[in-house]
Amino acid sequence: IPIIFDEKVYGIINLDFYKRFKRLNRTEKKIIELLISDLPIIINHIFNLRDLVLDSYKDILTGVYNRKILNEEVLKDYKYFFFIDINKFKQINDKYGHLIGDEVLKIVAKRLVHIFAEDDIVIRYGGDEFLVCLKSDSDFLTEDIKNRIKSSLSQDIVLRDKRIKLSVSVGAFVKKEDEPLNSIIEKVDKLMYKDKNGI
């Protein structure tokens, strides 16, 4: 009996009668029907849980990277850093509820992924803050990237007939040679707050 889920065969159940073939009774038929209908779903859930455990570098809510990816070795070839904060995100949660707030975070993460190249790293740093790291073999004008981020993320989001207005603050920093990662994050975070305060 093939175990099928989403038109994909995960395996086969083999019924073995020890002495000779016999006709299945009603209970045995019911057990087989339950196996055929439920087992593929259970297996799929197990696969999804395995992926979540193994991919511990991913943020469960947004699907982008989480802070575990932040280490010197992974980011040694990255030169451009952008720290992004959603302005007045608490007001969105207070006005529309946390479920809507979660959907906003997912959309912001998706927009960031679409802006940048595949080998760039988008990280949910915490709450409504994101960090984007760009490779050092690229030649960017940081103000152009900042403007592109703000333009994309400041487009209204429509969820459940609610139009949510967004704006973001962005700090941009270009790494100097051999600068420690902790120092980079501290500096780009401060630059984001300067942008938020209009300095």
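Begin by selecting Asn66, which in this predicted model sits in the loop that runs between helix α1 (26-54) and strand β3 (78-86). Although Asn66 belongs to a loop, this residue counts as buried because its relative accessibility is 15%, and the cut-off for that word is under 20%. If you display the surroundings of Asn66 and leave aside residues up to four places away in sequence, you will find that Asn66 touches Ser56, Tyr57, Lys58, Asp59, Ile123 and Arg124.

Two of those names lead to the next stop, so colour strand β4, residues 121-126, and keep Asn66 in view with its contacts Ile123 and Arg124. Is β4 enclosed or open to the outside? Five of its six residues are buried, so β4 is largely enclosed by the rest of the structure.

Now add strand β5, residues 129-135, which pairs with β4 in the antiparallel sense over five bridges. To follow the pairing residue by residue, select Ile123 and look across to its bridge partner in β5, Leu131; then select Ile121, which stands opposite Cys133 of β5. Where the chain turns from β4 to β5, the hairpin has two residues between the strands, and Gly127 takes a positive phi near 55° there.

Widen the selection to the sheet that holds this hairpin. Which order do its strands follow? The sheet is open, has four strands and runs β4-β5-β3-β8, with antiparallel pairing. Strands β4 and β8 (168-174) stand at the edges, where each has a single partner strand, so one side of each is left without a neighbour in the sheet. From one strand to the next, the twist averages 20°. As background to what you see here, strands of a sheet pair through backbone hydrogen bonds, in either a parallel or an antiparallel manner.

Within the sheet, move to Tyr80, which lies in strand β3 and is buried, since its relative accessible area is 5%. Select Val174 as well and compare the two positions: Tyr80 and Val174 are 94 residues apart along the chain, yet their C-alpha atoms are separated by 4.8 Å.

Next, show helix α3, residues 98-115, which has 18 residues and reaches 26 Å from its first C-alpha to its last, close to the 26 Å expected at 1.5 Å a residue. Helix α3 packs on the sheet and touches β3, β4 and β5, while its direction makes about 10° with that of β5. If you colour the buried residues of α3, you will mark Ile100, Gly101, Val104, Leu105, Val108, Ala109, Arg111, Leu112 and Ile115.

From α3, turn to helix α4, residues 142-153, whose axis comes within 10 Å of that of α3 and crosses it at roughly 140°. The two helices are therefore oblique to each other, and α3 passes α4 in a right-handed crossing. Which residues meet where these helices come together? On the α3 side they are Val108, Arg111, Leu112 and Ile115, and on the α4 side they are Arg148, Ile149, Ser152 and Leu153.

Two loop residues make the last close views of the tour. Most residues other than glycine have a negative phi. Select Arg160, in the loop between β6 (157-159) and β7 (162-164), where phi is near 50°, a positive value in a residue other than glycine; at 58% relative accessibility, Arg160 counts as exposed. Then select Asp178, in the loop between β8 and α5 (181-196), which has a positive phi of about 60° although it is not a glycine, and which counts as exposed at 70% relative accessibility.

Finally, return to the full chain, which has five helices and eight strands. Read along the sequence, these elements follow the pattern β-β-α-β-α-α-β-β-α-β-β-β-α. Of the 199 residues in the chain, 36% are buried, and among contacts between residues at least 6 apart in sequence, 65% join residues at least 24 apart.

Conventions. Residues are numbered from 1 along each chain as its sequence is written. This is a predicted model: local features need pLDDT of at least 70, side-chain atom pairs count only at pLDDT 80 or more; totals for chains, interfaces and linings use all residues. Side-chain values use heavy atoms; hydrogens and water are left out. Buried means under 20% relative accessible area, exposed over 50%, partly exposed in between (1.4 Å probe, protein chains only). Two strands pair if DSSP finds at least two bridges between them. Contact means heavy atoms within 4.5 Å. The expected span of a helix is 1.5 Å times one less than its number of residues. Axes are lines fitted to C-alpha atoms, for helices over the stretch in contact, and angles run from 0 to 180 degrees between N-to-C directions. Angles under 35 degrees count as roughly parallel, over 145 as roughly antiparallel, 65 to 115 as roughly perpendicular and the rest as oblique. A crossing is left-handed if the near helix is turned anticlockwise from the far one by less than a right angle, and right-handed if clockwise.
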